[in-house]
Amino acid sequence: MKRTVKRLPIAIYTLLGIAAILEPAAWDTAPTSSPEAKKTAQGQVPTFSREVVRILQKHCQSCHHPGDIAPFSMMSYQETRPWAVAIREAVITRKMPPWKPAPGCGEFRDVRQLTEEEIATLTQWVDAGAPEGDPADLPPQLSFPDGWTLGLPDLIIIPETDYTPPTGKDTYRCFSIPTALRGDRFVSAIDVRPGNRRIVHHVIAYLDTSGISADLDARDLGPGYSCFGGPGFDSANILGGWAPGARPYFLVDGVGSRLPNNARVVLQVHYHPAGNPESDRTQIGLYFSKAPVRKELRYAPVLNTTFRIPPGEKRYQVTASLPPFLVPDVHLISITPHMHLLGREMKVEFTPPGQATQCLIHITDWDFNWQGTYNYQQPVAIPAGSNIEVTAYYDNSASNPNNPNSPPKEVRWGEETTDEMCIAFLGYTLDTENLPISSPQLTGVIVDQDSNLIVNGSGFLPGADIEINGRSLSDTRVEAASSSSKLISSELWRVYAPPGQPVEVTVLNPDGVRSAAKRFTRAGTALSLAAVSAASYALESVAPEAIVAAFGSKLATTTAAATSLPLPASLGGTSVRVNGVLAPLFFVSPLQVNFMIPSATQTGTAVIEITAGDGTLSRSTLEITTTAPSIFTANAQGRGAPAALVTADGLSYRVVGNPDGTSNEVNAGEYLVLFGTGIRRAATGTVKITIGGINAPVHYFGAQKDFVGLDQINTQIPAGVSGLVDLVLSVSERKANPVKVKIK
C-alpha cells in the first residue's frame, strides 16, 4: 500500500464507456457581397483582429468563452469565424447581446447593447467574408477569473448536494439554505457562481424569514423543490440574482441590505435543457458591509394579483400602482420587472406631485428567459406623494408560441407555470432613515492554551467578526456568557497570520463599524515548502479534490502511508490544513507529503500548513481553480509516456507507459484510458484531446471509482497518425502536461 499510495501506479481492468460528446454544428460560412459593402465609412474593411474582437470583448465574451453558458466561444478568430452568419443575424435583430430595457427610460449600470456603429461594423465584416486581418492588431486577450470576481466572500451559501435536472426541458428548482448567522448582518454585495454554466440560465436569490421554504423542500423529493416564477411563497424578499453577462458590484458606502440571523436563502435556479445528464451546485457569495451602514436597502412590490386574462386576447392590459399616500421620500436603487410566459411588455412610471410623469423602465419585448434586476447608475429621487404605476400587456392568443395552454384559457395570478404575474420590485432607501452606529472597542489579543485566538474588548454586537488585515474570519464565535466582550477563532486566524509576521487585528460589527486595530504577531517560525500537482509536478494551480505532492524538509518525523478508506487526516503525527481545513492524506515522509485538496476548498489563493509530529510547521500558498488538468506519467515525473491503458475490445488491456518514460506501441482505432487529476469538475464539452495534432474524441471523463482524487479520461487513437507523437489534453483551453505515445 505504501508504494501504491506514494507512486500511484495504475491497476485498473475495466474501461468506462460513454457515448462521445458531439461538437455543435457550425453555421454556414459567411457570404461575399459587392465591394461597396466590404468597406467601413473610412473606406477600410473591418477585420477580426482590428475592430471585431474589440466589440466582442466589450459585449459578448463574458458569456461566449469556454465553459460558460453560451453555445460557442468567441475568444479567437478560429472559434468565431464559423458562426459569422448567425452573429450578423443576431445583432441586426438585436437578439444579442440580450438587453431588454428600452433606451430613453432609465439609465442603468452594465448595459449590454450594441451601438448602431458597432452593428454596422459587424455586418460589414460578415459581408466582406469575415476576414481575420493581421494578428499583430489583436488586443490583449480578456481573462475570465475562475474565482470570485470581488474576492473571497464573507459568507458562501451552497446547497448540500449536487442536483441533476431532467434532460430535454427547462427546469426551475429552488434550494432552501440556512445561513447560520450569529446576528443580523448588512450585505454590501452578492456574487453568484453557477456550478455548471452550460446548464444554468439564470439565478434569483430570495430571503425567507418564515421557514416556509424548508417545508416546501421537505415535501419535495430532493435536492430542492420545484418552483416557477418565484420561490413558491409570497413573503419572500429578493436578495439579488445573476444572468449571463452580469457582473457583481458593491453598494455605495452607507447602504446595506439586511440579512436577518434566522433567515434562509432560497436560490431559484433556471436550468437549460441538456442533451446528456449534467449536475450543478450553484453557490452565492455574500459580502458584508465594511463601512457604517446608515440606510437599509429595502424592497417594495408594485403588483396586481386580481387580474384575469381572457383566452384569445393578444394584447391584454393589466395595471398596478402604489397610491401616493403610501410613498414617502425615497431614492430608487434598482428595479425588477416580472411576468411569466404570456407577458409581452411592461412599463413602470412615477408621477411626482404637480410634475410630469417620468419613466423608470420599459421592457418592450419581454422574454421570461432574459429577466433580471436592473440597477440605476445614480439613485432616482422619488418625492413623497408620488404615484408609481405599472402597465403590462399579455398575449393569451394561440399565436403566442410561449402560451402554455393549447387551446388558450383564462389565466390568473399564481405560482404555477401556467399562471401569470404582474409585479415590479423596487429596491429603495428611505431619505429620512439614519441608522445609529455602534462603537466596538478592542483591548487585547492573545492565544490561549488550546491555540485559539482570543480577542477581548467591548461593544461587540451579535454577529461581530474578528478581522486580520481586513479579512473577516468566518469561524469567529463567542462564549455565551460574554458575547459582547470576547471573540474566538480556532483555525482561520492561522491562515491569515503567518508565524513571525505582525498583522493588524480588528473587530467588525454587523453594522459595518470597525474597531481600532491592535498589532499581533503569531509566535514561532515556519519552514518553506513547495506544493504541486502529484501528476504533472508543475508549479501551477490545482483543483479541489486533486492530488497534491508537497516537498520540503522536516515535514514528518516518520514515513507512513494510508492503508484504508476514508483517508486519514493524520499520518505518523503529521497533518495538513488547506485554508484551515484538515486534508485527507495519502503518504507522509520527512521530505514529501501527498494529500488531497478538500472538496469544499474555494478557488483563489489557499494557504497550506503542514504540521509534523514534533510540531515543526511548514507553510506555503497554492492557487486553487475549478479545474487544473494534469496527467499521471509512467515514470512519475510528469513527462514522457502516460500511465495509461490501451484496449481494442474493452476486455483485454495493455500498459502504455514504461517506468523509464518510454511508450509501448499502440494502434490507430484502439481505446486509450488516461489517468490524471484536477479534471472531474470540467463542464461537458470543455475537455479536448489532440493526438499527433489530430482531434481525438473524449468518450468519458470524471472521477475514477477505485482511487480517491484520481480522474479518468477515455479517448481513441485517431487514424492518420504514426510514430512518437504528443498527446495534449486541455480543459477550457488550459493544457495539461504534454505526454507522448508511440503509434504504429
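**Exercise 1. Decide whether T677 is buried or exposed, and find what surrounds it.**

Step 1. T677 counts as buried because its relative accessibility is 1%; buried means under 20% relative accessible area, exposed over 50%, and partly exposed in between, with a 1.4 Å probe and protein chains only. Keep in mind that this is a predicted model, in which local features need pLDDT of at least 70 and side-chain atom pairs count only at pLDDT 80 or more, while totals for chains, interfaces and linings use all residues. Residues are numbered from 1 along each chain as its sequence is written, and side-chain values use heavy atoms, with hydrogens and water left out.

Step 2. Now place T677: it belongs to strand β42 (residues 671-677). Helices (H or I, at least four residues) and strands (E, at least two) are DSSP runs, numbered from the N terminus.

Step 3. Look for its partners. Leaving aside neighbours within four places in sequence, T677 is in contact (heavy atoms within 4.5 Å) with several residues, including S533, I547, F632 and D711. The T677 side chain also reaches the backbone nitrogen of I547 at 3.0 Å.

**Exercise 2. Find which way the side chains of strand β43 point.**

Step 1. Start with a general idea: in a regular strand the side chains alternate between the two faces of the sheet.

Step 2. Apply it to β43 (residues 687-691). V687, I689 and I691 point to one face and are buried, whereas K688 and T690 point to the other and are not.

Step 3. Add the partner strands; two strands pair if DSSP finds at least two bridges between them. Five bridges join β43 to β47 (residues 723-731), and these strands run antiparallel. With β44 (residues 694-696), β43 pairs over three bridges, again in the antiparallel sense.

Step 4. Follow I689 to both sides: in β47 it stands opposite L729, and in β44 its bridge partner is A696.

Step 5. Finish at the turn. β43 and β44 form a hairpin with two residues between them, and G692 in that turn has a positive phi of about 65°.

**Exercise 3. Work out which strands stand at the edges of the sheet that contains β20 and β24.**

Step 1. Write down the order: four strands form an open sheet, β20-β21-β25-β24, with antiparallel pairing.

Step 2. β20 (441-447) and β24 (477-478) are the edge strands; each has a single partner strand, so one side of each is left without a neighbour in the sheet.

Step 3. Check an inner pair. Strands β21 (residues 453-458) and β25 (residues 486-489) are joined by four bridges, and V455 has L487 as its bridge partner in β25.

**Exercise 4. Classify the ring pair of Y172 and F368.**

Step 1. Learn the rule: rings of Phe, Tyr and Trp (its six-membered ring) pair if their centres lie within 6.5 Å; planes under 30 degrees apart count as stacked, over 60 as edge-to-face and the rest as tilted. By this rule there are 16 aromatic pairs.

Step 2. The ring centres of Y172 and F368 are 5.4 Å apart and their planes stand at 65°, so this pair is edge-to-face.

Step 3. See where the two residues sit. Y172 is in strand β2 (residues 171-178) and F368 is in the loop between β15 (358-363) and β16 (374-382), so to speak distant parts of the chain, 196 residues apart. Y172 and F368 are both buried.

Notes. Polar contact = N/O pair within 3.5 Å; in protein donor to acceptor, adjacent residues only side chain to side chain.
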